[in-house]
Amino acid sequence: MMTAPKQPMLRGELRLNESLGRYNTWRVGGAAAQMYLPADADDLAQFLRTLPADEPLLWLGLGSNLLVRDGGFPGTVILLHGCLSGLLIEGAEAHVDAGVPCAKAARECARAGLTGAAFLAGIPGTMGGALAMNAGAFGGETWPIVGSVTTIDREGIMHRRLPDDFEVGYRQVLGPAGEWFLACTLNLAQGDGTAEQAAIRALLERRGATQPTGQPSCGSTFRNPPGDHAARLIEVSGLKGCRVGGAEVSAKHANFIINTGDASAADIEGLIAHVAAEVERLQGVTLRTEVQMVGEPL
Ligand SMILES: Cc1cc2nc3c(=O)[nH]c(=O)nc-3n(C[C@H](O)[C@H](O)[C@H](O)COP(=O)(O)OP(=O)(O)OC[C@H]3O[C@@H](n4cnc5c(N)ncnc54)[C@H](O)[C@@H]3O)c2cc1C
């Protein structure tokens, strides 16, 4: 890792040629040309104004839904996890910065006696990633509890937006072009915090029983097609345990692809393509990835 000299006025940290393998849950991928760790939202705005207008940008939370290719990302990665970390509860509202882990938001809301955010405990990403993906678990989804969001554009201008400004679907969110999430306000209800904390524990136990949570993966690789489950289609196609290099279809949950230790991003991408082709051939169903693929092959 190399650290570049700080630009005047900037308070964050710029890292050059930063390997991205440690910033995603598959633990694969090449390096980013540069990565910025903002000190806060104003500092990020300042940094964005220093970039060329055509600089490729990648916004990164906990990398729990990202396949970074082995050749890395030829642009600037903006890391929000560990950087934009504010969380403030006022009445039945929680103001959560984009870099806050969803599990922390769920725990803090329950501790404050608020209900409605327990499902977030099952999502191993940040609030920014949950907003970008409309992440959901155990019957709950992110956007139905969002009151408003703050976004930022390339010029460093911040915008307050309402849910109506976005087209929200299953693991898909379309909003004003060229804006990224900085924070959100969650509208929750005042209730029994102890029961909510118990619900979180029960959800996590259920999750541990049905998913290979201890092995590097990105959770569900494919979106569920309408009226069916990707995991069922993969399982009936006989693909559990199927491997490409160090990547393997989990025997515990067929929609999870795990890095058994030495997988490359190319192994994982190859296995994704093989699974999709086999499900298409054997079941006649086209699977679409939920996982976002970024960067260049080697
Ligand atoms: C074991 C496991 C279980 C999982 N279970 C679930 C589940 O039950 N339900 C579910 O929905 N998902 C699940 N996931 C997937 C993942 O946790 C979610 O998609 C999560 O919302 C991603 O958040 P992140 O911070 O890791 O985003 P990242 O992986 O860092 O990024 C994902 C996408 O969001 C974009 N993005 C990130 N931050 C921002 C921002 N601030 N503004 C704009 N765009 C941004 C990125 O550029 C990228 O395109 C699981 C993953 C794992 C590893």
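Which element gives the largest share of the shell around the ligand? Let's start there, friends: the answer is α3, with five residues. Helices here are DSSP runs of H or I with at least four residues, strands are E runs of at least two, and both are numbered from the N terminus.

A quick word on what we are looking at. This is a predicted model, in which local features need pLDDT of at least 70 and side-chain atom pairs count only at pLDDT 80 or more, while totals for chains, interfaces and linings use all residues. Residues are numbered from 1 along each chain as its sequence is written, and side-chain values use heavy atoms, with hydrogens and water left out.

Back to the ligand. It is surrounded by 35 residues, where being near means having a heavy atom within 4 Å. The closest are Trp59, Gly61, Ser64, Thr126 and Gly136. Besides α3 (127-133), at least two shell residues each come from β4 (57-60), β10 (136-137) and β16 (179-187). By type, the shell holds 18 nonpolar, 14 polar and three charged residues. In that count, Ala, Val, Leu, Ile, Met, Phe, Trp, Tyr, Cys and Pro are nonpolar, Asp, Glu, Lys and Arg are charged, and the others, Gly among them, are polar.

Now for some individual distances. Ser64 places a polar side-chain atom 2.6 Å from a ligand oxygen, and Thr126 likewise has a polar side-chain atom 2.6 Å from an oxygen of the ligand. Asn65 uses its backbone instead, with an N or O atom 2.9 Å from a ligand oxygen. How much of the ligand does the protein bury? Taken alone, the ligand exposes 970 Å², and the protein buries 92% of that. Those areas come from the Shrake-Rupley method with a 1.4 Å probe.

Let's move to the cores. A nonpolar core is a set of buried Ala, Val, Leu, Ile, Met, Phe, Trp, Tyr and Cys residues joined through side-chain atoms within 4.5 Å. Buried means under 20% relative accessible area, exposed means over 50%, and partly exposed is in between, with a 1.4 Å probe and protein chains only. The largest core has 32 residues, and Val96, Leu120, Met127, Trp143, Val149, Leu186 and Leu188 touch the most other members. Elements giving it two or more residues include β8 (93-97), β12 (146-153) and α4 (193-210). The top contributor to this core is α2, with five residues. Apart from it lies another core of 25 residues, among them Cys218, Ala231, Ala265 and Ile272.

Three single residues to finish, all sitting in loops. First, is Leu287 buried or exposed? Leu287 counts as buried because its relative accessible area is 9%. Its place is between α6 (265-283) and β21 (292-294), and its contacts, meaning heavy atoms within 4.5 Å, include Phe222, Pro225 and Val279.

Next comes Thr221, in the loop between α4 and α5 (230-236). Thr221 is buried too, at 1% relative accessibility. The Thr221 side chain reaches the backbone oxygen of Asn255 at 2.8 Å. Among the other residues Thr221 touches are Phe256, Ile272 and Val291.

Finally, Ala39 lies in the loop between β3 (31-37) and α1 (41-49). Ala39 is partly exposed, at 34% relative accessible area. Not counting residues up to four places away in sequence, Ala39 touches Arg11, Gly12 and Cys83. Thanks for listening!

Terms used. A polar contact is a pair of N or O atoms within 3.5 Å; within protein, one must be able to donate a hydrogen and the other to accept it, and residues adjacent in sequence count only if both atoms are side-chain atoms.
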